[in-house]
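Let us walk through this structure step by step. We begin with the protein chains and end at the DNA.

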Protein chains: 2
Amino acid sequence: MAGGLPLTRHAAGNRSSRPGTTQAASRWKALRMTEPRGRRELIVATAAQMFARKGIRSTTVREIADAVGVLSGSLYHYFSSKDEIVLEILTGFLDVIAARYRDVLAREQDAAQTLRAIVLASLQVARERPDATAIYQNELRYLRETPLYKEVQVAAGEVQRTWLGVIERGVADGSFRSDISPRVFHRLIRDAVWLSGRGQHPDAGYSTERLADAITSIFLDGFSARPRAGGAAPA
Amino acid sequence: MAGGLPLTRHAAGNRSSRPGTTQAASRWKALRMTEPRGRRELIVATAAQMFARKGIRSTTVREIADAVGVLSGSLYHYFSSKDEIVLEILTGFLDVIAARYRDVLAREQDAAQTLRAIVLASLQVARERPDATAIYQNELRYLRETPLYKEVQVAAGEVQRTWLGVIERGVADGSFRSDISPRVFHRLIRDAVWLSGRGQHPDAGYSTERLADAITSIFLDGFSARPRAGGAAPA
DNA sequence: GTCTATATTGAGATAGAC
DNA sequence: GTCTATCTCAATATAGAC
């Protein structure tokens with residue numbers, strides 16, 4: 001923390017200027033599935049990327065502004081605070097998850113199939129929105145300190161109830177073990193799923209589908225080598 | 001044995017004064033297994049508690065000093081920076097883990113038994129040192145920004161090699177599945193173990209041993225309800 | 001809608017008296 | 001070994017010109 005950088009604040013020269021076509025904007029075009037449309041969305045997307053990489057607290061509004069290609073004061077034309085940007089990132093994220101889960105539940109499969117589908121849907125969202133995923137996993141502590149947290153909690157509630165619901169259903173109908181608390185199982189599989197993108201390495205060679213299968217298989221069948229219910233013995 | 005430590009002066013306000021018996025000190029006596037001995041250790045323990053609860057960045061040196069019962073300048077008699085306190089917390093933590101793992105390996109059990117023992121040892125450390133555990137899980141991003149990170153990484157290396165070693169051994173001798181990457185399995189079970197203390201609720205009614213059994217059983221046998229290798233059918 | 005310039009606050013760290 | 005007092009820097013946010 002003693003570090004004094006010999007910083008020159010923002011050499012006004014290196015911005016080349018037209019907002020819509022900055023480096024930041026074209027980066028998104030190349031890398032992300034959903035390309036930010038307007039300046040406001042570009043701010044959100046850029047901030048999400050930086051929050052995910054460096055943490056919310058360590059990312060300054062000036063850095064966000066630099067990356068977007070404007071000066072920091074201009075951000076306040078779109079958002080009234082840094083936290084408001086955070087809120088927009090997370091509610092967008094949670095809304096997407098909740099919607100996917102609703103689709104899954106609408107299929108009315110059995111508990112095991114539903115669980116597998118929830119795992120897959122979660123991993124897909126994690127892949128599509130890696131920044132928001134990382135922020136949500138890593139910055140809960142920051143979030144709790146902000147007044148906006150309540151709004152996030154509401155959105156998170158539905159998500160949690162979906163997981164717990166399918167687990168309890170499986171226990172009730174006899175397809176899942178009843179000697180282990182559904183809450184404990186929920187915590188384990190939920191963390192496994194959401195943290196599996198941590199460290200950005202998508203596990204060389206593990207597609208989203210294959211990872212979903214691996215996770216579901218471990219959690220339902222176990223890692224011990226012995227004949228398994230559904231099918232073939234281990235290769 | 002926190003009896004009589006030297007007196008301090010200083011009346012400034014609400015602190016009642018003898019360092020050894022401040023609120024902070026007696027809190028430790030009540031709650032923790034290892035009671036801080038000297039002032040230096042009290043600083044470390046207090047800081048750990050606050051870092052765990054509020055995050056490193058949000059905890060100011062002034063807050064730490066207040067909780068200990070001194071003024072902020074005095075901390076710099078013991079540590080030359082805030083990060084040095086963080087480093088002491090984490091290397092102490094990792095050294096304890098590495099030592100426990102060495103004990104486990106010395107027993108020369110089979111892979112499944114060793115894995116179970118590592119899970120249990122980890123949960124015990126997590127229970128004994130919840131603050132350091134939380135810090136290590138939640139503040140990796142902060143750590144990476146600090147020059148001290150390299151030292152932490154070295155200590156973490158041995159820990160990781162222990163996990164991976166036992167998993168690979170089980171795969172090699174045929175007791176674990178070979179159709180799932182050991183690295184993937186390692187990540188899943190490691191996160192499950194270290195995060196299981198998250199949220200401070202020790203899972204009402206789940207002792208450390210019972211939780212270790214639950215985790216090991218889920219990861220080895222699976223959550224599906226069907227006759228399991230080792231014994232009785234689910235209740 | 002963006003910039004320039006700056007107010008304001010808060011943090012880590014230091015110097016030197018006691 | 002602790003306190004008092006203060007330095008220095010960095011960060012969020014604002015005001016108002018263009």
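How many residues of chain A are in contact with chain B, and how many of chain B with chain A? The model is a predicted one. In it, 52 residues of chain A are in contact with 52 residues of chain B. Together the two chains bury about 4,700 Å². Carbon and sulfur atoms give 53% of that area. On the chain A side, A:Arg141, A:Arg177 and A:Phe223 lose the most area to chain B. These residues account together for 19% of what that side buries.

Now the polar side of this interface. Between chain A and chain B the count of salt bridges is zero. Polar contacts are found, in 26 residue pairs with both partners at pLDDT 80 or more.

Which helices of chain A build its side of the interface? At least two residues each come from α2 (39–54), α7 (130–138), α9 (149–172), α10 (182–195) and α11 (208–221). The largest share, nine residues, is from α11(A). By residue class, the side of chain A that touches chain B holds 23 nonpolar, 13 polar and 16 charged residues.

Turn to DNA strand C. Around it are 17 residues, and A:Arg39, A:Leu71, A:Tyr78, B:Val61 and B:Lys82 come nearest. Of the strand's atoms within 4 Å of the protein, 64% belong to sugar and phosphate. This surface has seven nonpolar, six polar and four charged residues. In chain B, α3 (61–68) and α4 (72–78) each supply at least two of its residues.

Three side chains place an N or O atom by phosphate oxygens of DNA strand C: A:Tyr78 at 2.7 Å, B:Lys82 at 2.8 Å and B:Tyr76 at 2.9 Å.

Methods
Residues numbered from 1 in each chain as written. Chains lettered and ligands numbered in written order. Predicted model: local features only at pLDDT ≥ 70, side-chain atom pairs only at ≥ 80, totals over all residues. Heavy atoms only, no water. Near = heavy atom within 4 Å. Polar contact = N/O pair within 3.5 Å; in protein donor to acceptor, adjacent residues only side chain to side chain. Helix = DSSP H or I, 4+ residues; strand = E, 2+ residues; numbered from the N terminus. Nonpolar A, V, L, I, M, F, W, Y, C, P; charged D, E, K, R; others polar. Contact = heavy atoms within 4.5 Å. Buried area = accessible area lost by both parts, 1.4 Å probe. Salt bridge = Lys/Arg side-chain N within 4 Å of Asp/Glu carboxyl O.
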